[in-house]
Amino acid sequence: MSDTTRDAVSFDRFMADALYGPAGFYTAGGRAGRRGDFITSPEVGPLFGAVVARFLDAEWDRIGRPDPFTVVDAGAGPGTLARSVLAAVPACAPAMRFVAVEVAAAQREQHPDGVESAAELPDGSFDGVVFANELLDNLPFRLAVFDDGWREAYVVELPDGRLVEQLSAPFEPTPDVLPSAPSLGARAPLQDGARRWVEAARSRLSSGSVVAIDYAVPTTAELAARPWREWLRTYRGHERGGHYLADPGAQDITSEVAIDQLPEPDAVRTQAQWLQLHGIDELVVEGKLHWEQHAAQPDVAAIRMRSRVSEAEALLDPAGLGSFSVLEWRA
């Protein structure tokens, strides 16, 4: 790069500061939830956590019922998933050590009793599960742009305070995941951070599995062939935000995940398939029966059981959350 780029920062550094820096989006109060900026599966209602609890029981059985059985909720936010899992009272509960990992201190303060609250993955090795719901899409990534060769995009602050992109010289060598003949102006994420996170999470496990749920596609080439505004998105207040360089710290920045940039998963399913595999349909039937038995004099528990029908519809929606990918890696 020329001398004019001496103060440029790579896109992953810009994104890390915009999301997790002192005035970053998550540091300053951005969050999931109906009163937050976006809805994820745990915020739909407790049904998602009840299914996760069934999965945890199955995994505990599979690896020989270790005690302790460590469950790490990575990117835990305010602890919504933890509350639902604990409320479901899984069979593994007496052996379960639940660690809620969240970088934002303000959100860690909201974690429920009965969990360990941490800013990073626990050290050492353990038997259990590392679970990450919509985390990989928020991990900082580098940005590649095709302009007479694939180049890396850097972010530069102009004297008037505006942020603009500046491109590097062509990659040498070009990363293998990038297509060889894209159209001019094609863009693609280079998700080294997501790959390193999966490797680190998997390395912690003596036995068990890493599970990541996110909006994902099989290959980087698929993203490069699409308009970049489809896969590189911003959110705030339950609406799409502005350009990713606008208002850093005031909006979420997220990308669809390219599976070919991650360690090869042992299993890939849609969220709908994964939830059905682990008993969501049985839980919905149970909820309907409970409601029918208590509809004449409904209490809070009965109302929650009734809500399983609408929660399941949202979680299984093939045009929404149901289409998310569930990636599993076993230790």
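**A tour from the central strands outward**

Begin by selecting residues 69-74 and residues 126-133, which are strand 2 and strand 5: these two strands run parallel and are joined by five bridges. Within this pair, pick V71 and then look across to strand 5, where V129 is the residue that stands opposite. Keep in mind throughout the tour that what you have open is a predicted model.

Now widen the selection to the sheet that holds this pair. Seven strands make up an open sheet with mixed pairing, and reading across the sheet gives the order 4-3-2-5-10-17-16. If you colour strand 4 (116-118) and strand 16 (267-270), you mark the edges; each of them has a single partner strand, so one side of each is left without a neighbour in the sheet. Turning the view to look along the sheet, you can follow a twist that averages 20° from one strand to the next.

Next, add the helices that meet this sheet. Select residues 80-88, which form helix 4: this helix packs on the sheet and touches strand 2, strand 3 (96-101) and strand 5, while its direction makes about 165° with that of strand 3. Then select residues 192-204, or helix 6, which lies across strand 2, strand 5, strand 10 (205-214) and strand 17 (325-330), and which runs at about 150° to strand 10.

Helix 4 is also the way into the next stop, the second largest pocket, since helix 4 gives the most to its lining, with five residues. The volume of this pocket is about 430 Å³. To centre your view there, select P46, L47, S84, A87 and R304, which are the closest to the pocket's centre among the 17 residues that line it. Which elements give two or more residues to the lining? They are helix 2 (41-44), helix 3 (47-62), helix 4, helix 11 (300-306) and helix 12 (308-316). Colouring the lining by residue type shows nine nonpolar residues, three polar ones and five charged ones.

From there, move to a second open sheet, which has three strands in the order 13-12-14 and antiparallel pairing. Its edge strands are strand 13 (239-240) and strand 14 (252-255), each of which pairs on one side only. Select residues 232-236 to bring up strand 12, which runs antiparallel to strand 13 and is joined to that strand by two bridges. In this pair, Y235 is found opposite R240 of strand 13.

Three details of the backbone are worth a stop of their own. The first detail is the peptide bond from D67 to P68, which is cis with omega near 15°; P68 itself belongs to the loop between helix 3 and strand 2. Another cis peptide bond joins E172 and P173, with omega at about 5°, and P173 can be found in the loop between strand 8 (163-170) and strand 9 (187-190). Finally, select E134, which is not a glycine and yet has a positive phi of about 50°; this residue lies in the loop between strand 5 and strand 6 (142-146).

To end, clear the selection and zoom out to the protein chain, which has 12 helices and 17 strands. Taken along the principal axes, its C-alpha atoms fill a box of roughly 70 × 40 × 35 Å. What radius of gyration does the protein chain have, and what would a compact globule with 331 residues have? The chain has 21 Å, and this agrees with the value near 20 Å that such a globule would have.

Key:
Residues are numbered from 1 along each chain as its sequence is written. This is a predicted model: local features need pLDDT of at least 70, side-chain atom pairs count only at pLDDT 80 or more; totals for chains, interfaces and linings use all residues. Side-chain values use heavy atoms; hydrogens and water are left out. Two strands pair if DSSP finds at least two bridges between them. Helices (H or I, at least four residues) and strands (E, at least two) are DSSP runs, numbered from the N terminus. Axes are lines fitted to C-alpha atoms, for helices over the stretch in contact, and angles run from 0 to 180 degrees between N-to-C directions. Contact means heavy atoms within 4.5 Å. On a 1 Å grid over the protein atoms alone, a cavity is a set of points where a 1.4 Å probe fits but cannot get out, and a pocket is an open set with protein on both sides within 12 Å along at least five of seven lines; lining residues have an atom within 4 Å of a point. Grid points are joined across faces, edges and corners, and a volume is the space filled by probe spheres set on the points. Ala, Val, Leu, Ile, Met, Phe, Trp, Tyr, Cys and Pro count as nonpolar, Asp, Glu, Lys and Arg as charged, and the others, Gly among them, as polar. The radius of gyration is taken over C-alpha atoms; the globule rule is 2.2 Å times the number of residues to the power 0.38.
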